[in-house]
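Student: Could we go through this structure together, with each answer reasoned out before its conclusion?

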Amino acid sequence: MKIFSESHKTVFVVDHCPYMAESCRQHVEFDMLVKNRTQGIIPLAPISKSLWTCSVESSMEYCRIMYDIFPFKKLVNFIVSDSGAHVLNSWTQEDQNLQELMAALAAVGPPNPRADPECCSILHGLVAAVETLCKITEYQHEARTLLMENAERVGNRGRIICITNAKSDSHVRMLEDCVQETIHEHNKLAANSDHLMQIQKCELVLIHTYPVGEDSLVSDRSKKELSPVLTSEVHSVRAGRHLATKLNILVQQHFDLASTTITNIPMKEEQHANTSANYDVELLHHKDAHVDFLKSGDSHLGGGSREGPFKETITLKWCTPRTNNIELHYCTGAYRISPVDVNSRPSSCLTNFLLNGRSVLLEQPRKSGSKVISHMLSSHGGEIFLHVLSSSRSILEDPPSISEGCGGRVTDYRITVVPLASVIVKESLTEEDVLNCQKTIYNLVDMERKNDPLPISTVGTRGKGPKRDEQYRIMWNELETLVRAHINNSEKHQRVLECLMACRSKPPEEEERKKRGRKREDKEDKSEKAVKDYEQEKSWQDSERLKGILERGKEDLAEAEIIKDSPDSPEPPNKKPLVEMDETPQVEKSKGPVSLLSLWSNRINTANSRKHQEFAGRLNSVNNRAELYQHLKEENGMETPENGKASRQ
Amino acid sequence: MPTVVVMDVSLSMTRPVSIEGSEEYQRKHLAAHGLTMLFEHMATNYKLEFTALVVFSSLWELMVPFTRDYNTLQEALSNMDDYDKTCLESALVGVCNIVQQEWGGAIPCQVVLVTDGCLGIGRGSLRHSLATQNQRSESNRFPLPFPFPSKLYIMCMANLEELQSTDSLECLERLIDLNNGEGQIFTIDGPLCLKNVQSMFGKLIDLAYTPFHAVLKCGHLTADVQVFPRPEPFVVDEEIDPIPKVINTDLEIVGFIDIADISSPPVLSRHLVLPIALNKEGDEVGTGITDDNEDENSANQIAGKIPNFCVLLHGSLKVEGMVAIVQLGPEWHGMLYSQADSKKKSNLMMSLFEPGPEPLPWLGKMAQLGPISDAKENPYGEDDNKSPFPLQPKNKRSYAQNVTVWIKPSGLQTDVQKILRNARKLPEKTQTFYKELNRLRKAALAFGFLDLLKGVADMLERECTLLPDTAHPDAAFQLSHAAQQLKLASTGTSEYAAYDQNITPLHTDFSGSSTERI
C-alpha cells in the first residue's frame, strides 16, 4: 500500500483548440413528446454534443467517481489548452470537488471555432501538466515534514490524462517526446528547489478522440516504457458515449476499482404505486471489497491482465431489512461507493434509502440453498460504504464463555442502577438529580416490560439462575429499600420514592403475592440481623437465648432454601458460615449477598463510630431498643421481656 | 491464526542419525519429537489455535483436519508411514486448498513445513518447480505466495552445513521470497540430536506461538489478560512508514461510545480478551479455558470467585450497548465489546482499527474525541435523543447532491422533461420551474453545451404558443422570459453566461389596478 502512488496526482489536459468545437456526430433527442399532446406538433431537431462537450463531461464523470470513492488524498489538477494553458484548479483539498471544476469550466466556455488554429496547441497544456506534477501537494508536504531526515521516502508520481484530437501516429510521438523532455528539464529545476519535487514516475495516457463515423488517424498502443520515469499509452476512441465508456474503464483501472451489481431491489413503480418490481443497480468501489471472491475463486484474478476483469461485475442480492436493529457486525473492510448511473431512478432510490439511515445486507447468490451474507451497504454521515462482512468460519469459534473465566462466578457486579444509587445517597438533590433517578426507574420499567435480562445474573451465574420476573422483583425490593432509607433527606428524595412506587404499582393479585413474599423477607431480615450483629452478641448474657435465635435463623434459612424455586421467593440468603460474621455494626435492613445499601450504610456507620464513643444504651440494645431500668428488674428477679418480639412487625 | 503442519514423509526422512551410545534415530523421529514439543506447548499455552496435519511425498494427504484436540494430532504423528519421493509443490497446492476451503482467503495462517532438505528429483522436485515457475498459466500457478495472508516456517531436519553443501538452502530461501518474504527457515544448530531439535522448535515457539499477555486498564481498574490470537505487527505504508507497528502491552481504555455511533466499523483483526489469574511469581494460573485437569479446574474455580474487571467491563458494555475505545499505540486504536456466539456464551472481544489519526471517517479524528462533560452542551441532548455522530463530510458525494450527468441520453431527457412538466403548471410551479431550469443552464454552461440552451429555449417558446385559453396569463410571460434568458446564455457572452448567475422569475403583478411591468 502506497499513499503516493501514481494515482495521488492526476492531471487532466483537455484540448480546447478550434477543432474540438466540431460535432461528435452522435445525435441526442431532447424533445421527447409526451403522449396525447403529440397531434400536429413536430418535435424539435435533435442536437449533438461537440468533441469538447464529450471530453469535458467524460472527464467530469471520471472525477465524480474518483471523488465519491476517494474524497481525500487522490487529487486532480485540470488544465485546458488552446493558445496557452489554463490551469483551472490547484492540488489543495479545497479545490477538489466537482462544483469548483464545473464553475471553472463554465468560465472557460466552449472552444471558439473561429480562433486561429495555428496559435493553438495541446502542447501548452502538456508542459503545464509536467510543471504542476512537480508542485508539492499538502499531503506530500505533511509527510515530508513528519519524516524529517527521511523526507526522500515521500514519492512523487503522477498521471497525465490528455484528451485531444491528434493528426497522426507521428503527432502522438511528438507529444510523448515533448512530455519526456519537459520532465527532464523540470526535474533538473526541481532538484535545486525546496518547494518542488522531482517526478519519479509519470504515466501518460493519451486519448485521441474523433467524430463518430470518421476513420481514426491514430492507432491504439498499450502501455510502453519511454524512459525510467515515463510510460505512455495511446487510446484512439470515438467521441460521444464511446469516450465516456473509455474513461469509465480507465478510472476503474487507475484506482483499482471493481463493480458490484445489487440485484433484486424491490421498488415501487412510478405509474402503479401499489406494485413493485425488482431492479438492479451497479456500484463501483475499491476492489478490495471483493477480496474474498478474488482469492477463493478457482482462477486467481489478482495481478493478471489489467484489461480483463473490468467488464465483470459481481452480483449480490438485496436482503430486505427486517428491523432497524443496531448490531455490531464483524466487518473486515468498508469501502466508499459510487453508482455507475448516478441519476437513474433505481440508483437514486437505493442511495436515498441508504442515506436515510437504513442498512442493507447483501447475499451471495448460491446455487445451493445455503444463504451467505457477505456484504452490507450502510451510510455514515451522507457517505455510503460497502462493508465486507466475514462469511468464512471463525477461528474464534466456541470460545470459553466469560462466565467460566476469572471473576466469572462473581454475580454482584452492579451495572445498571448506578446513576440512581450514587445520587440518592446525597444529602440534597438537584432537579437534575431527581430527573436522572426517574430516568433510571423508567429505564428499568422499560427493561422489565421488554423482559430484558438484568445484568447481574446474565453475567456469572452458572446453570439456571432465578427466573427473570423473580430477578426483577428482587431488584425492585432492593431499590425500594435503598430509596426509602433516604426519603427523610429531602422532599426531592421523597419524589424519587413516589416515582418508584408509581412505577411499581401492580395489579392487586400480584400485590398480594408480593406481600407474602415481603413477610418472608422480613423474617429473613430479622434472622440475619440477629446473627450478624456481633456487638449485640456481647450483650446477650443468656447463651440459651442466643442459641434459640440462631436456631430460628437456621430455620428461616432452611425455609428460604425450600421456597427458592417458587416464582416469588426472595434471593437466597447469605450462605457464609455463621461464625464468620463480619464485625460490621448493625444495618437497617440487609438481605442476600451484601447489597449496595448495606455496603453504604456499613461504610457510614463505621465512619461515624470512629468519631464518638458509642452510647452504652445503644451498645446494649436489642434492635435499637434499650431496656430502661434494667437494674430494677434484676433486683426484683424478673425475666427481661423479649426485646426482639416487641420490635417485630 | 490457524496452523498447518506439513510433514515430509518421503524415504529420505528415514535416513538414520548417528548418535553415540544410544539407539538409532531416523530424521523423522527427530521431526516427530520436535512436533510433539510444539503440540504440547500449544495444548497448554495456545489452546484455541486450530491446527491441521498434512503429510506428503509425491502425493499429499490431510491426516488431521483443523482441530484444537492436540491428542489427535499427537496420535497421528506416531502413525505415519514412509513413502516415496519429495514433491513439495503439490503439497503446497494441497495446503492452499485446505486453508481456503476451511477459512477463505482473508484469515492469516501459519504453515509449518517439516522436511530434511532433500527436495526431490526430476519432475515435481522443488528445483524443477522453481525452474518452471515463470512459465505457468493461471490454472497451474505456483502455490506461492499463498492466496491468503501467511507465514511459512521451514523446519529443516538438517544443519546449515549440510544444506549449504547442495543448493537446498538456496531453493528454500526462494520459497520464502516467493511468499513475499513472509516466513523463516530454521536449521539445526550443531549435530542432529534430540536436544538440538528441541532448541530449534523452541525458537519457532518463541517466534510464533508465545501467548500475548497484556494489562487492560481503565482508570484505576486493571486486569491481566491474554489476547488471542496474538495481534500481529502491522505495516501502514511500506514506503513512508516501513516499520511494523506493534501493539502496546498496556491496553488503556480511553473512552466509551454507543454501538450505533461506531456503527460496524471495518477492523484489521479481532481477538478474544481472556482474563488471566497470575500467581505471585507472575506465572499464569489459568485463562479460564476449561480443561479436564482436576487441579486446574479447582484453580479456575478459585479464580472465578475473585471479581475481575474484564467481567465488569463486558457486562457493562453489553447492558449499555456500547463499546470501549482502547489505545493500542501512538495513533492506533481498537474497540472492546461484548461478543455473543450463536450459543448463549458471550465474551469480551477486541478489534483493531487501522492505525492512523482518523481510522473511521464518521467519528473524525480520534484525538478530538472527549468526555461529554467537556462539551459546552451535551452533544447527545438532554434527553439522549440525538448524537454528534456520524460526522458529515465537508463535501457531499455525487449521489447526495443531485449532480447533472448527461452521458446517457436518458439523463438529459429526464432533466428536460422535468422543466417541461413544471412549465405546464405555471404559475403554481414557478419556483421549481426556475430551479430545474437553472440546474440545466449551469450544467450546459460547464459542459460548453450551448446548443442545448438554444434547443430548450425553442421548446419553451413552442410551449408558449400551445398554452390553452384557460391558462393563467403569467404562464406565457414566464415562458417567454425564460426562453429569452436561455437564448442570451447560449451566445456564451460572459454577460449572460455567468455560471453563478441564475435566471430569476419575471416579476409580474396581476392584482388588477397597476399596469404590468416587464
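What follows is a set of questions and answers on cores, aromatic rings, sheets and single residues.

Tutor: This is a predicted model, in which local features need pLDDT of at least 70 and side-chain atom pairs count only at pLDDT 80 or more, while totals for chains, interfaces and linings use all residues. Residues are numbered from 1 along each chain as its sequence is written, chains are lettered from A and ligands numbered from 1 in the order in which they are written, and side-chain values use heavy atoms, with hydrogens and water left out.

Student: What percentage of the residues of chain A count as buried?

Tutor: Chain A has 20 helices and 17 strands, where helices (H or I, at least four residues) and strands (E, at least two) are DSSP runs numbered from the N terminus. Buried means under 20% relative accessible area, exposed over 50% and partly exposed in between, with a 1.4 Å probe and protein chains only. Of the 649 residues of chain A, the buried share is 47%.

Student: Which helix gives the most to the largest nonpolar core?

Tutor: A nonpolar core is a set of buried Ala, Val, Leu, Ile, Met, Phe, Trp, Tyr and Cys residues joined through side-chain atoms within 4.5 Å. The largest has 98 residues, and those with the most contacts inside it are B:M7, B:M157, B:L175, B:L204 and B:I262. With eight residues, the element that gives the most to this core is helix 3 (residues 88–103) of chain B.

Student: Which residues is B:L204 in contact with, leaving aside its neighbours within four places in sequence?

Tutor: B:L204 is one of the residues with the most contacts inside the largest core. Contact means heavy atoms within 4.5 Å. On that basis, the partners of B:L204 beyond those sequence neighbours are B:L38, B:V112, B:Y153, B:M155, B:F186 and B:Y209.

Student: How is the aromatic pair of B:F50 and B:W103 classed, and how far apart in sequence are the two residues?

Tutor: Rings of Phe, Tyr and Trp (its six-membered ring) pair if their centres lie within 6.5 Å, and planes under 30 degrees apart count as stacked, over 60 as edge-to-face and the rest as tilted. A search of the whole structure finds 16 aromatic pairs over all chains. B:F50 and B:W103 lie 5.4 Å centre to centre with 50 degrees between the planes, which makes the pair tilted. This pair links the loop between helix 1 (27–45) and strand 4 (51–56) of chain B to helix 3 of chain B, and the separation is 53 residues.

Student: Which residue lies over the face of B:F50?

Tutor: Both B:F50 and its ring partner B:W103 are buried. A charge sits over a ring if NZ of Lys or CZ of Arg is within 6 Å of the ring centre and within 35 degrees of the ring normal. At 4.7 Å from the ring centre of B:F50, the residue is A:R393.

Student: Is A:S59 buried or exposed, and why?

Tutor: A:S59 is placed in helix 1 (residues 51–69) of chain A, and a polar atom of the A:S59 side chain lies 2.6 Å from the backbone oxygen of A:S55. Not counting residues up to four places away in sequence, A:S59 touches A:F12, A:V14, A:F78, A:I163 and A:L247; of these partners, A:F12 and A:F78 belong to one aromatic cluster with A:Y62, A:F70 and A:F255. Because its relative accessible area is 0%, A:S59 is buried.

Student: Is A:E432 buried or exposed, and why?

Tutor: A:E432 has its place in helix 10 (residues 431–449) of chain A. The C-alpha atoms of A:E432 and A:E29 are separated by 67 Å, with their positions 403 residues apart along the chain. Because its relative accessibility is 57%, A:E432 counts as exposed.

Student: Which are the edge strands of the open sheet of eight strands in chain A?

Tutor: Two strands pair if DSSP finds at least two bridges between them. The sheet has the order 13-17-16-15-12-10-11-14, with mixed pairing, and within it strand 12 (residues 314–319) and strand 15 (residues 360–364) of chain A pair in the antiparallel sense over three bridges. A:C319 has A:L361 in strand 15 as its bridge partner. Pairing on one side only, the edge strands are strand 13 (331–336) and strand 14 (338–339) of chain A.

Student: What covers the buried residues of helix 2 of chain A?

Tutor: In helix 2 (residues 98–108) of chain A, the buried residues are A:L98, A:L101, A:M102, A:A104, A:L105 and A:A106. Their cover includes helix 1 and strand 4 (75–81) of chain A, together with helix 12 of chain B.

Notes: A polar contact is a pair of N or O atoms within 3.5 Å; within protein, one must be able to donate a hydrogen and the other to accept it, and residues adjacent in sequence count only if both atoms are side-chain atoms.
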